[in-house]
Amino acid sequence: MEWERGARALRHWETKDWEAAVAELSELHGEHPEDAGILYNLACAESLAGRREDALGHLRLSVQLDASFAELVADDSDFDPIRDDPELSAIAGQTNTPSPSS
């Protein structure tokens with residue numbers, strides 16, 4: 001199954017070794033460039049690793065391949081490090097996100 005391709009890389013979330021996760025998922029992305037799930041998890045790892053631009057680019061590709069991933073962004077804490085970026089909201093289709101002071 002497609003979701004299993006990237007499942008092994010998720011072990012890095014337990015150790016918080018984001019660079020290892022990025023490396024492993026990048027390799028998988030090279031092997032399966034049209035797999036939206038791998039791209040989504042790669043974007044998550046890049047966000048956590050402080051790679052804002054890479055995360056946004058891969059998330060954008062993931063959502064272009066499978067729009068259902070856009071719905072996950074709002075509740076996915078992996079994107080908290082880049083939550084303030086307007087491009088994240090645009091990719092997720094969240095144009096009317098309330099500000100924290102609301």
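Angles under 35 degrees count as roughly parallel, over 145 as roughly antiparallel, 65 to 115 as roughly perpendicular and the rest as oblique. In this predicted model, local features need pLDDT of at least 70 and side-chain atom pairs count only at pLDDT 80 or more, whereas totals for chains, interfaces and linings use all residues. Residues are numbered from 1 along each chain as its sequence is written, and side-chain values use heavy atoms, leaving out hydrogens and water.

A good place to start is the pairing of two helices (DSSP runs of H or I, at least four residues, numbered from the N terminus). The axes of H3 (residues 36-48) and H4 (residues 52-65) come within 8 Å and cross at roughly 160 degrees; axes are lines fitted to C-alpha atoms over the stretch in contact, with angles running from 0 to 180 degrees between N-to-C directions. H3 and H4 are therefore roughly antiparallel to each other. Contact (heavy atoms within 4.5 Å) involves residues including Leu39, Tyr40 and Ala43 of H3 and His58, Leu59 and Ser62 of H4.

Tyr40 and Leu59 appear again in the largest nonpolar core, among the residues with the most contacts inside it. Such a core is a set of buried Ala, Val, Leu, Ile, Met, Phe, Trp, Tyr and Cys residues joined through side-chain atoms within 4.5 Å, where buried means under 20% relative accessible area, with a 1.4 Å probe and protein chains only. This core has 26 residues, and its largest share, seven residues, comes from H3. Leaving aside residues up to four places away in sequence, Tyr40 touches Leu59, Ser62, Phe69, Leu72, Val73, Asp76 and Phe79.

Note on methods:
Buried means under 20% relative accessible area, exposed over 50%, partly exposed in between (1.4 Å probe, protein chains only).
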